[in-house]
Amino acid sequence: MRKKSKKAISSILVLFVLFQIVCPVSSYAIENGGQETQETTNESLVMDENTGKDEDNSAQDSSKDEENIVVMAAHQSEDYKYLSDLDYITENNWSYAGWGEIKKDKNIENGQISLLVDGTRVYFSKGMGAHASSQLTYDVSGFSGTYTRFVSKMGVDASKNGLGEVWFRISASKDGTNWDELYKSNLVTSKDNALDVDLNIKDYKYLRLYADKNGSNAVDHAVYADSRIVKENYDLSSELFDDIKKVSYYDEILSKNTVEENYNNHFDTVLKREFVNRMGYWNLQNSIKDDDTGEAKEAIKWIFNDQENLQLFIETGNVGDSLKCVSLLKELYSKHKDDLNDQTQGDVYKKMMIALAIAYSTDRNGSPLSFNMQPNSYDALKRYEIIKNLYDSGLFARKDEFSTYNMELIRMVMNDSISNDEIDWLRHYSQSRHGTDLNKALNPYNYMHYVSPNYAQDKLYDANNKETYDTKYQLSKYNIPYGLNSDGTKTSRTWMVMEAGGICWNISRFI
């Protein structure tokens, strides 16, 4: 088994982490849980001729690939009911949006609801989105005798990168005519921390949430995150996983010591601090709270409560999407935890799992077939199983060497741009051409010509050429589909790089 030694960690990485602790940097990018990417959006206002309402033609949030957002199934409890699981009242214009539609569990652009909490962008699986000026009214008469509190985080969705400006009012009524104002906020924008409310609604019949545009409604993407009615004595803090603390907790401990003292005597705290810093405190807590299976918590504990695992995680590098990372760690750990008990290779499998979870949730892949780097879309669980099978079967050309790779290199290997169904094919095709001669097998010029490629040329998809290419590249032997699909559409394949050649960027991504 791998010796548990802090000495194995990169000295440069240790110095960087420790320096951030002794000389902390107050920065959104430092403490954002891996969700820091921000891009400005152009906003414009157009008057809708049919409704007379201002139409917000805001650009879609490009800071995150919305189709790749991971939302775990929200935890259900008898102690509370989510507002998004209840119907709002539409009669008499009691509920409306200032632009677009009212959204359940989404912001108004159908993205995941997010707000800043303690300066960190936090994602929520439950909530409401309603562009200001907007109003949501609920009949809570059947619940307010038992669920006596309304709790929520509110603000302008953090995807708007500082834009938008609204204020909120929460009111309640026992007859639908007379309304009691329970809360009114100051102005907030998407760069402000979320407003946090916990209000008494006992025995009220109606609950109303109002967001005001405060003048222009440009980018006023009001959201109510984690909005619930809860029982009177329900303790919200009971939802927190107490093992994990906020970054400030670790900083308070570590900032009292020198770098050397922290390295020698508080190294586990250093690693825990950096793990929370990269993943985001609230994103970790929400991942646990929103997972009804408990598997997310087990996967996080597997990393967090073991210094060796924490060290491997930190050595692997930065995390781009902490929610997706937790989701994949959960799947890998719950399905393949028995692999870790292997007395000879368990540590290698552990490295594979951790590296894959971080790489898949963070890195964009550069394929030799396309210049633009795309988000990962392969089946990550299947990828682990394929790579593990190659390793176990002795088909790694440098198996012994791979087991000693640093985590950054394992990250690259696990997240190669080739599709899952082509991995076995390329391994065996390479061996059929060059045997065990690695110098030839790993030289891209032994597969392709240096020429400006055209992977859309007709001959690569011509049905008359299928048998020729099938024989030449052993496609059917390894169930590799031909480029021409049965429905007449075309899909570029890795073998086309060999056939049509490539230039610098194609070649560098091929091997």
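In which loop is Asn93 found? In the predicted model, Asn93 lies in the loop between strand S3 (80-82) and strand S4 (103-104). The backbone of Asn93 adopts a positive phi of about 60°, although this residue is not a glycine. A positive phi of about 60° is also found for Asp105, again a residue that is not a glycine. Asp105 is placed in the loop between S4 and strand S5 (113-117). A further backbone feature is the cis peptide bond that joins Ala132 and Ser133, with an omega of about -5°. Ser133 belongs to the loop between strand S7 (127-129) and S8.

Confidence was considered next. The average pLDDT of the protein is 85, and 85% of the residues score at least 70. Residues 1-73 have a pLDDT that stays under 50. For this stretch, the model nevertheless has 181 contacts beyond four places in sequence.

The strands considered here form an open sheet of 4 strands in the order S8-S13-S10-S11, with antiparallel pairing. Strand S8 (134-139) and strand S11 (179-184) are the edge strands, each pairing on one side only. On average, neighbouring strands of this sheet are turned by 20° against each other, direction ignored. In general, the strands of a sheet pair through backbone hydrogen bonds, in either a parallel or an antiparallel manner. At one edge, S8 pairs with strand S13 (residues 206-212) in the antiparallel sense, over 6 bridges. Within this pairing, Leu136 stands opposite Leu209 in S13. The other edge strand, S11, pairs with strand S10 (residues 167-173), likewise in the antiparallel sense, over 5 bridges. Here Ala172 stands opposite Asp180 in S11. S10 and S11 form a hairpin with 5 residues between the strands, and in this hairpin Gly176 takes a positive phi near 85°.

Helix packing was then examined, beginning with helix H6 (residues 295-304) and helix H8 (residues 322-336). The axes of H6 and H8 come within 8 Å and cross at roughly 90°. The two helices, H6 and H8, are therefore roughly perpendicular to each other. The residues of H6 that take part in the contact are Glu295, Ala296, Glu298, Ala299, Ile300, Trp302 and Ile303, and they meet Val326, Leu329, Lys330, Tyr333 and Ser334 in H8. By class, this contact of H6 with H8 comprises 8 nonpolar, 1 polar and 3 charged residues.

Helix H7 (residues 307-316) was examined against two partners. With helix H12 (residues 407-414), the axis of H7 comes within 7 Å, and the two axes cross at roughly 70°. An angle from 65 to 115 degrees counts as roughly perpendicular, so H7 is roughly perpendicular to H12. The crossing of H7 and H12 is right-handed. Leu312, Glu315 and Thr316 of H7 make the contact together with Met407, Glu408 and Arg411 of H12. By class, the contact of H7 with H12 has 2 nonpolar, 1 polar and 3 charged residues.

The second partner of H7 is helix H9 (residues 346-362), with axes that come within 10 Å and cross at roughly 45°. This angle makes H7 oblique to H9. H7 passes H9 in a right-handed crossing. On the H7 side, Glu308, Asn309, Leu312, Phe313 and Thr316 take part, meeting Asp347, Lys350, Lys351, Ile354, Ala355 and Ile358 in H9. By class, the contact of H7 with H9 has 5 nonpolar, 2 polar and 4 charged residues. Leu312 and Thr316 of H7 thus appear in the contact with H12 and also in the contact with H9.

Key:
Residues numbered from 1 in each chain as written. Predicted model: local features only at pLDDT ≥ 70, side-chain atom pairs only at ≥ 80, totals over all residues. Heavy atoms only, no water. pLDDT = per-residue confidence, 0-100. Contact = heavy atoms within 4.5 Å. Axes fitted to C-alpha atoms, helices over the stretch in contact; angles between N-to-C directions. Parallel < 35°, antiparallel > 145°, perpendicular 65-115°, else oblique. Nonpolar A, V, L, I, M, F, W, Y, C, P; charged D, E, K, R; others polar. Pairing = 2+ DSSP bridges. Left-handed = near helix turned anticlockwise from the far one by under 90°.
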